[in-house]
Amino acid sequence: MPHDVFDQLPPLLKELVLSGNQLRSFNWGRLYLLGWLELLDLGSKLLTTVPRMLSNCTQTPRFFNLTHNQISKLTKDFLQDVTSLQYLDLSYNNLKTIQASSFPDSASKHLREFG
């Protein structure tokens, strides 16, 4: 994916679906340019990492799909300061252990579905 791809997208974009290709990396740091993004679908890829702190990348996530990747760990601060997330799917990854601190009460009380 080109480094400047987020510069070319409309800043009011609400849904970004990039599922079902062989993407191996994702520029999490540029995601902040999509300030209104609510749905991010990165399922069925070859991703191995997630951002250290999702709230540093986007402030308005509601639906976050990371199924069928190769993610092996979540940081202790993964969902810190995330309060809008309602759906998170991490199924079919290489996660063996998930730290409780990755899901603080402020984030997990809003989750309606977790996979």
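So, His 68: at 40% relative accessibility it counts as partly exposed. The model I'm showing is a predicted one, so keep that in mind as we go. His 68 sits in the loop between S3 and strand S4 (87-89). What caught my eye is the backbone: His 68 isn't a glycine, yet its phi is positive, about 55°. For background, most residues other than glycine have a negative phi.

Now, which other residue in that loop should you click on? Asp 81, which is also placed in the loop between S3 and S4. Asp 81 has a phi near 65°, again a positive value in a residue other than glycine.

Okay, let me zoom out to the whole chain. We have two helices and five strands. Reading from the N terminus, the order goes α-β-β-β-β-α-β. The radius of gyration is 13 Å, close to the 13 Å that the globule rule gives for 115 residues, so the chain is as compact as a globular protein of that length. If you'd rather think in box dimensions, the C-alpha trace spans about 35 × 25 × 20 Å along its principal axes.

How much of the chain is buried? Buried residues make up 41% of the 115. On the outside, the chain exposes about 6,500 Å², and carbon and sulfur atoms supply 51% of that. As for contacts, take the ones with a separation of 6 or more: 57% of them are between residues 24 or more positions apart.

Let me give you a couple of spots where the chain meets itself. Start with Pro 11, in the loop between helix H1 (5-8) and strand S1 (15-17). Is Pro 11 buried or exposed? It's exposed, with a relative accessible area of 52%. Still, Pro 11 has company from further along: leaving out residues up to four places away in sequence, it touches Leu 33, Leu 34, Gly 35 and Trp 36. Take Leu 34 as the example: it's 23 residues from Pro 11 along the chain, and their C-alpha atoms are separated by 4.9 Å.

Then there's Arg 30, in the loop between S1 and S2. You might expect me to call an arginine exposed, but at 19% relative accessibility Arg 30 counts as buried, the cut-off being under 20%. What does Arg 30 contact, setting aside neighbours within four places in sequence? The answer is His 3, Phe 6 and Asp 7. Arg 30 and Asp 7 are 23 residues apart in sequence, and C-alpha to C-alpha they're 8.4 Å apart in space.

Last stop, the inside. Rolling a probe the size of a water molecule over the atoms shows where empty space is left. How many cavities of 30 Å³ or more turn up here? The count comes to one. The largest cavity holds about 30 Å³ of space.

And who lines that cavity? From the earlier part of the sequence you get Leu 31, Leu 37, Glu 38, Leu 39 and Leu 40, and then come Thr 58, Pro 61, Arg 62, Phe 63 and Phe 64. By type, the lining divides into seven nonpolar residues, one polar and two charged. Strand S2 (39-41) and strand S3 (63-65) each supply at least two of the lining residues. S3 also brings us back to where I started, since the loop between S3 and S4 is the one with His 68 in it.

Key
Residues are numbered from 1 along each chain as its sequence is written. This is a predicted model: local features need pLDDT of at least 70, side-chain atom pairs count only at pLDDT 80 or more; totals for chains, interfaces and linings use all residues. Side-chain values use heavy atoms; hydrogens and water are left out. On a 1 Å grid over the protein atoms alone, a cavity is a set of points where a 1.4 Å probe fits but cannot get out, and a pocket is an open set with protein on both sides within 12 Å along at least five of seven lines; lining residues have an atom within 4 Å of a point. Grid points are joined across faces, edges and corners, and a volume is the space filled by probe spheres set on the points. Helices (H or I, at least four residues) and strands (E, at least two) are DSSP runs, numbered from the N terminus. Ala, Val, Leu, Ile, Met, Phe, Trp, Tyr, Cys and Pro count as nonpolar, Asp, Glu, Lys and Arg as charged, and the others, Gly among them, as polar. The radius of gyration is taken over C-alpha atoms; the globule rule is 2.2 Å times the number of residues to the power 0.38. Buried means under 20% relative accessible area, exposed over 50%, partly exposed in between (1.4 Å probe, protein chains only). Contact means heavy atoms within 4.5 Å. Accessible areas come from the Shrake-Rupley method with a 1.4 Å probe; for residues, only the protein chains shown count as cover.
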